[in-house]
Amino acid sequence: GLELLMQKSTGKISGWISYGLSWTDRQFPGGEINDGKRFWAKYDNRHKINIVGMWRIKKNLELNAAWTYHSGNRMSVGLERYETAPVMPGYSPNNIFAPGGGVISYFNERNNYKMPDYHRLDIGINFYRPKDNGRMGIWNVSVYNVYCRLNPIIAYPNYQYYGYSVHDEATTSVKPTLTGFGVLPILPSISYTYKF
């Protein structure tokens, strides 16, 4: 991999920009996982970018902002799912196990799906309050995930029919559509730090 950093640490405006380029994979030669073939690791985040800026408006007031981005994580998704079960009234194809039948998922390889890229912007303002004894109190007002991007942390498949049998025994093949689930939308906060 490769890591680059450019930083400005003096003056009223300071901050840094960092970039990382990396490849992360796994292999189990004994064939325990993925038939011994090399596969992408879960945290194979190819590109990582961090941009941080701080602006000291005056001695006791500072604005800051941070933007982070990285390529999506990897996960394993079954390309197809085959269910063999008696056709029953009210039977749902999303059941994990159907009465009298079973479920077989087909995976072409381990970690075969890349999640959507992750990115967010955080901003904040610091109010510095010097104390008589030389100590410091700092009030911080910040907003996490300013543009409210719901970065998915997991994705789960919803299976849809593309075949159906009306005989006593049904063999049905279904293909998945992925639904992402994200947490932590825009989130304001206030905190106080006392340095001594």
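Q: Why is the link between the side chains of His-119 and Tyr-147 called a polar contact?
A: The two side chains are joined at 2.7 Å. A polar contact is a pair of N or O atoms within 3.5 Å; within protein, one must be able to donate a hydrogen and the other to accept it, and residues adjacent in sequence count only if both atoms are side-chain atoms. The value of 2.7 Å is within 3.5 Å, so the term applies. The model is predicted: local features need pLDDT of at least 70 and side-chain atom pairs pLDDT 80 or more, while totals for chains, interfaces and linings use all residues. Side-chain values use heavy atoms, without hydrogens and water, and residues are numbered from 1 along each chain as its sequence is written.

Q: What else does the side chain of His-119 make a polar contact with?
A: The side chain of Arg-149 is a partner of His-119, at 3.2 Å. That value is also within 3.5 Å, so this pair counts as well.

Q: Where is the place of His-119?
A: His-119 lies in strand S11, residues 118-130. Strands (E, at least two residues) and helices (H or I, at least four) are DSSP runs, numbered from the N terminus.

Q: What makes Trp-139 and Tyr-192 an aromatic pair, and why is the pair called tilted?
A: Their ring centres are 4.7 Å apart, with 50° between the planes. Rings of Phe, Tyr and Trp (its six-membered ring) pair if their centres lie within 6.5 Å; planes under 30 degrees apart count as stacked, over 60 as edge-to-face and the rest as tilted. The distance of 4.7 Å is within the limit, and 50° is neither under 30 nor over 60, so the pair is tilted. A search of the whole structure finds four aromatic pairs.

Q: What parts of the chain does the pair of Trp-139 and Tyr-192 link?
A: Trp-139 belongs to strand S12 (residues 136-144) and Tyr-192 to strand S15 (residues 187-195), and the two residues are 53 apart along the chain.

Q: Why does Trp-139 count as partly exposed?
A: Buried means under 20% relative accessible area, exposed over 50%, and partly exposed in between (1.4 Å probe, protein chains only). Trp-139 has 42%, so it falls in between. Tyr-192, at 37%, is partly exposed too.

Q: How do you know that the charged end of Arg-46 sits over the ring of Trp-40?
A: The charged end of Arg-46 is 4.8 Å from the ring centre. A charge sits over a ring if NZ of Lys or CZ of Arg is within 6 Å of the ring centre and within 35 degrees of the ring normal. The value of 4.8 Å is within 6 Å, and the pair is listed as sitting over the ring.

Q: Why do the side chains of Arg-46 and Asp-44 form a salt bridge?
A: Side chains of opposite charge can pair when their charged atoms come close. A salt bridge is a side-chain nitrogen of Lys or Arg within 4 Å of a carboxyl oxygen of Asp or Glu. For Arg-46 and Asp-44 the N to O distance is 2.8 Å, so the term applies. Arg-46 at 19% is buried, and Asp-44 at 2% is buried. Asp-44, Arg-46 and Arg-74 are linked in a network of salt bridges.

Q: How many salt bridges does a search of the whole structure find?
A: It finds six. One of them joins Arg-56 and Glu-62 at 3.8 Å, N to O. Here Arg-56 is partly exposed at 30%, whereas Glu-62 is buried at 11%. Another joins Asp-117 and Lys-114 at 2.8 Å.

Q: What makes the nonpolar surface patch?
A: Ile-153, Ile-154, Tyr-156, Phe-181, Val-183, Leu-184 and Leu-187 make a patch of about 630 Å². Patches are made of residues with over 30% relative accessible area and no salt bridge: like charges are joined within 9 Å, nonpolar side chains (Val, Leu, Ile, Met, Phe, Trp, Tyr) within 5 Å. Areas come from the Shrake-Rupley method with a 1.4 Å probe; for residues, only the protein chains shown count as cover. Leu-184, at 44%, is over 30% and so meets the area condition. Strand S13 (residues 152-161) gives the largest share, three residues.

Q: Why is Asp-35 called exposed?
A: Its relative accessible area is 68%, which is over 50%, so Asp-35 is exposed. Asp-35 lies in the loop between strand S3 (25-26) and strand S4 (39-40), and has a positive phi of about 55° although it is not a glycine.
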